[in-house]
There are 2 protein chains.
Amino acid sequence: MFNMKFSGNTPIYLQLGYHIKSLILKGFINPHSKLPSTRELSSILGISRNTTMMAYEYLEDEGFLYTKKNKGAFVSDIKISETKVLNIDYSDKISEDARLSESLDIIKTEPKWKKGMISFKSISPDNELFDIEEFKRAFLYRLSDEGSKILNYGYAKGYDKLINYLLGYMEKKGANIEGKDILITNGFTEGFDIVLSTLTSKGDKILCENPTHNTALKIMKLHGLNICSIDINEDGIDINLLKEKLEEENIKIAYMIPSYHNPTGIVMPPEKRIEVYNILRENKVPLIEDGFNEELRYSGSHVTPMVSLCGEGNSVIYIGSFSKILYPGMRIGWILADKALISTLESVKRSRNIHTSFLDQGILYEYLSNGYFEKYLKRIRKIYKDKYEFAIECAKKYIPHEAILGQGGLHIYVRLKNVNARELLKLCYAEGVLFTPGDIFSDKNTEDKSFRLGFSRTSDDEIEKGFKIIGKYVKVLEG
Amino acid sequence: MFNMKFSGNTPIYLQLGYHIKSLILKGFINPHSKLPSTRELSSILGISRNTTMMAYEYLEDEGFLYTKKNKGAFVSDIKISETKVLNIDYSDKISEDARLSESLDIIKTEPKWKKGMISFKSISPDNELFDIEEFKRAFLYRLSDEGSKILNYGYAKGYDKLINYLLGYMEKKGANIEGKDILITNGFTEGFDIVLSTLTSKGDKILCENPTHNTALKIMKLHGLNICSIDINEDGIDINLLKEKLEEENIKIAYMIPSYHNPTGIVMPPEKRIEVYNILRENKVPLIEDGFNEELRYSGSHVTPMVSLCGEGNSVIYIGSFSKILYPGMRIGWILADKALISTLESVKRSRNIHTSFLDQGILYEYLSNGYFEKYLKRIRKIYKDKYEFAIECAKKYIPHEAILGQGGLHIYVRLKNVNARELLKLCYAEGVLFTPGDIFSDKNTEDKSFRLGFSRTSDDEIEKGFKIIGKYVKVLEG
């Protein structure tokens with residue numbers, strides 16, 4: 001009964017302790033029965049007596065055994081009753097909100113990558129390009145500077161050093177931070193969810209671009225919002241449609257992605273940003289600006305985010321995240337907004353999960369303030385720029401199209417003339433090529449002939465081979 | 001204009017780049033104007049020419065300047081318009097849910113600690129007891145094993161190695177994991193929020209203990225639930241009241257803290273756990289079990305969690321978290337529940353924040369699987385046990401009471417005979433002593449003469465001094 005094999009990196013004494021625990025819990029050893037002596041057990045198992053003694057000590061600490069002087073170790077009276085079992089059918093009990101979450105969960109509904117396939121679904125950064133040594137250095141330095149404090153509870157608002165750094169960072173993008181503040185969130189997703197929870201109620205009207213970021217669309221739907229989406233042209237949102245919609249509808253709030261728009265990759269030009277800002281301002285509609293991949297500019301002059309246009313005003317709420325290009329696994333984003341509003345958002349954040357990991361915030365702060373991020377950016381911009389140009393070139397060459405969109409970032413967007421992207425995907429999938437069909441980015445029926453191609457984690461060979469296959473089936477479907 | 005001082009750990013070239021950026025963004029240098037030559041600027045600032053060249057290169061990469069051959073560097077045409085400003089009064093726009101979050105946010109409403117005060121509010125672990133060296137080792141080892149992969153996007157369900165470890169951990173607590181699965185969350189708070197979102201809707205009836213964990217109470221209120229709380233006796237929930245309530249009301253779900261109950265510190269004895277489990281089972285009511293501080297047992301036999309009683313059944317949903325005793329700053333908890341239910345919870349989790357930090361999950365996995373946690377536990381149990389015993393002794397000695405509750409953990413609970421705890425707090429606060437009044441743990445009026453004393457981060461001297469002051473004012477108020 002006591003015989004067992006040891007494996008893995010867990011200390012032997014613990015493996016033995018765990019084993020005896022499970023024998024007790026499963027009722028194989030009765031309460032108050034005597035355990036073998038440590039000498040006996042050590043020889044059965046071929047381990048040192050000291051290890052067995054440590055295992056017994058552990059079990060005693062855990063309350064699984066007690067010792068009697070000169071008599072040895074005995075099993076404690078652990079109550080494991082022979083209780084009856086209840087099996088609940090939870091599917092009957094799932095709330096409508098959770099049901100909707102599940103039905104909108106594209107990880108569950110979209111075709112899955114299988115080994116050997118070429119996937120253009122991902123727009124995550126290529127982790128092979130991360131600079132692990134500088135990351136380690138940032139970790140070790142932050143930990144030695146803060147000590148164990150950084151591993152204890154922090155504050156809902158975030159790690160103050162990171163907040164101050166990001167305030168400066170936003171200032172360097174042209175934002176006026178007077179009267180504004182920052183809340184750290186678990187990535188863009190949580191930031192957007194918290195802003196919508198705080199500023200909207202079921203049935204409120206939200207204005208956004210069509211197509212738009214599918215996660216944002218999902219969250220708007222989960223909040224029961226009335227989505228008023230405006231088609232976009234080659235330089236971003238259609239100004240006339242925007243004006244019309246604002247006249248027709250009582251819009252509570254707007255959401256836009258001015259840079260490297262997801263999914264189209266369009267960058268709204270500076271003049272148009274000013275125009276859009278002014279139209280929203282005149283209509284007293286606050287804007288949630290998604291700072292998505294703003295850092296991945298490959299050419300042309302700097303374009304300031306829309307939050308920089310509102311000056312000392314507070315009508316733009318900016319949600320930023322490095323995690324689209326840097327360490328997405330850490331899930332860190334931030335909201336820059338009106339100070340009093342941030343205070344309310346902070347209470348909402350606290351009620352959700354107390355705060356975002358202080359360790360991760362500390363590492364990110366150290367990494368950023370040492371200039372590692374700028375170094376990394378310089379390096380990856382070169383690599384992604386080449387990939388981007390190659391992807392555009394191949395798409396134009398191999399895929400019969402109506403338009404190929406995208407001015408930077410990690411993806412491009414293809415509009416087909418008369419071919420349904422879902423049907424195309426079916427054929428391509430059978431030949432091992434995956435992409436993201438446009439319909440998931442739209443609440444309307446405008447994107448069924450479009451699709452997004454992410455190229456960040458595919459090689460040039462894969463891009464060429466994959467795009468050829470896509471092009472072949474576009475031709476087949478064009479007939 | 002270009003003159004500036006350098007400070008901090010950010011590389012000089014970046015500090016200079018940032019400075020010029022801000023001059024451009026603030027309109028101090030006009031588009032297309034010529035910048036000083038690198039030679040000139042280096043001599044003004046007393047830095048190397050190479051550093052200035054790097055700063056210019058950085059600004060060119062960022063699109064803030066362009067160079068003309070043999071003519072030098074010029075400012076790009078960055079559009080910063082003189083736009084009009086809009087100031088929105090967001091307080092008009094806050095949703096009812098967010099308003100409720102804010103009003104229930106005790107961090108904002110309770111008296112705050114000031115320097116020099118003795119605080120018994122905290123029940124966080126003492127971070128001085130964390131083993132930083134083993135933490136570092138876990139970080140470095142996990143990173144070298146996983147490489148940069150662990151810093152890229154992960155999965156909503158969690159880091160598979162940690163999930164497997166925790167399934168084994170729960171098995172060692174006696175749980176039958178057949179047909180069950182685990183979701184990793186940002187601590188207990190998020191776990192509880194996600195379970196309630198998934199299994200309850202506004203107006204549903206939830207059964208819980210009175211008093212109970214104030215964050216749990218807050219989340220129940222934020223979900224608009226109808227709270228049916230049952231008073232607890234010295235050994236936990238009152239069985240007769242429980243039976244009555246289940247007969248009277250159509251209870252959707254129950255929530256309990258069987259070990260080191262917050263705030264009372266009571267441990268529900270094994271026999272009573274079985275009785276409570278059976279009553280809930282007969283009424284077909286699922287139980288959310290809060291595994292709060294279960295690990296901080298100082299004496300007596302092991303007591304199995306209630307999830308171990310449900311065997312192969314699925315009527316108990318266990319929410320665990322080490323973060324009450326180990327590295328709370330990382331925010332990692334888990335839900336052990338029915339497999340199909342976990343799959344739905346996973347979709348809800350994904351819609352909230354994609355997933356919990358994979359870096360943190362990786363470190364925790366490494367830390368746990370190396371047996372560091374058991375070593376840490378062994379060490380802190382001794383220290384906290386002494387503190388606990390000293391706190392109990394001092395409370396009995398100095399504070400006139402009706403009852404002093406608490407059988408372990410990091411806090412005790414005092415019931416006074418005829419003194420209002422809020423009034424007591426006012427007097428103590430003026431003399432620099434803080435504690436948590438009982439009313440925040442109750443939806444009823446039963447706890448106004450009780451308060452919680454956390455002792456994890458106070459010295460013995462502070463405990464003695466603080467309790468004396470509390471006792472003095474109890475006597476004053478008793479008259």
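**Helices, packing and backbone geometry in a two-chain model**

I would like to begin with a single pair of side chains, those of Glu134(B) and Lys375(B), which make a polar contact at 2.6 Å. Before I go further, please keep in mind that what we are looking at is a predicted model. Glu134(B) belongs to helix H6 of chain B, which covers residues 132-146, and with a relative accessibility of 9% this glutamate counts as buried, because the cut-off for that class is under 20%. If we set aside the neighbours within four places in sequence, Glu134(B) is in contact with Tyr367(B), Tyr372(B) and Lys375(B), so that the lysine partner of the polar contact appears here beside two tyrosines.

Let me move along chain B to helix H12, residues 339-353. This helix has 15 residues, and from its first C-alpha to its last it reaches 21 Å, close to the 21 Å expected at 1.5 Å a residue. At its N-terminal end there is a cap, provided by Asp338(B), of which a side-chain oxygen lies 3.3 Å from the backbone nitrogen of Ala340(B). Just after the helix, Ile354(B) takes a positive phi of about 65°.

How many residues of H12(B) are buried? The count is 12 of its 15 residues, and the helix is accordingly described as mostly covered. The buried set includes nonpolar side chains such as Leu341(B), Ile342(B) and Val348(B), but also Glu346(B), Lys349(B), Arg350(B) and Arg352(B).

One residue of this helix that I would like to single out is Leu345(B), which sits in H12 of chain B and is buried, with a relative accessible area of 0%. Leaving out the neighbours within four places in sequence, Leu345(B) is in contact with Leu183(B), Ile194(B), Val195(B), Thr198(B) and Ile335(B). As a distance for orientation, the C-alpha atoms of Leu345(B) and Ile274(B) are separated by 27 Å, the two residues being 71 apart along the chain.

Next I turn to helix H7, which we can follow in each chain. In chain A, H7 covers residues 160-171, and its 12 residues should span 16 Å at 1.5 Å a residue, which agrees with the 16 Å between its end C-alpha atoms. Among its buried residues are Leu162(A), Ile163(A), Tyr165(A) and Met170(A). What do the buried residues of H7(A) pack against? Within chain A, their partners are strands S4, S10 and S11 together with helices H13 and H14, and from chain B there is helix H1, residues 12-25.

For H7 of chain B, again residues 160-171, the expected span is 16 Å and the end C-alpha atoms are 16 Å apart, which agrees. Its buried residues include Leu166(B), Leu167(B), Gly168(B) and Tyr169(B). These buried residues pack against helix H1 of chain A, and within chain B against S4, S10, S11, H13 and H14.

Helix H13 brings us to a contact between the chains. The axes of H13(A) and H13(B), each covering residues 358-369, come within 9 Å and cross at roughly 115°, and the crossing is right-handed. The contact is made by Leu359(A), Asp360(A) and Ile363(A) on one helix and by Leu359(B), Asp360(B) and Ile363(B) on the other. Sorted by class, this contact has 4 nonpolar, no polar and 2 charged residues.

Finally, some remarks on the backbone, starting with the cis peptide bonds. In chain A, one such bond joins Asn262(A) and Pro263(A), with omega about 15°, and Pro263(A) is placed in the loop between strand S8 and helix H11. In chain B, the peptide bond from Asn210(B) to Pro211(B) is cis, with omega near 0°, and Pro211(B) lies in the loop between strand S5 and helix H9.

There are also positive phi values in chain A. Asn70(A), although not a glycine, has a positive phi of about 65°; this asparagine is found in the loop between strands S1 and S2. Is Asn70(A) buried or exposed? With a relative accessible area of 81%, Asn70(A) is exposed, because that class begins over 50%. Lys284(A), likewise a residue other than glycine, has a phi near 55°, lies in the loop between H11 and strand S9, and is exposed as well, with a relative accessible area of 56%.

Key
Residues numbered from 1 in each chain as written. Chains lettered and ligands numbered in written order. Predicted model: local features only at pLDDT ≥ 70, side-chain atom pairs only at ≥ 80, totals over all residues. Heavy atoms only, no water. Helix = DSSP H or I, 4+ residues; strand = E, 2+ residues; numbered from the N terminus. Expected span 1.5 Å × (residues − 1). Buried < 20%, exposed > 50% of the residue type's maximum accessible area, 1.4 Å probe, protein only. Polar contact = N/O pair within 3.5 Å; in protein donor to acceptor, adjacent residues only side chain to side chain. Axes fitted to C-alpha atoms, helices over the stretch in contact; angles between N-to-C directions. Left-handed = near helix turned anticlockwise from the far one by under 90°. Contact = heavy atoms within 4.5 Å. Nonpolar A, V, L, I, M, F, W, Y, C, P; charged D, E, K, R; others polar.
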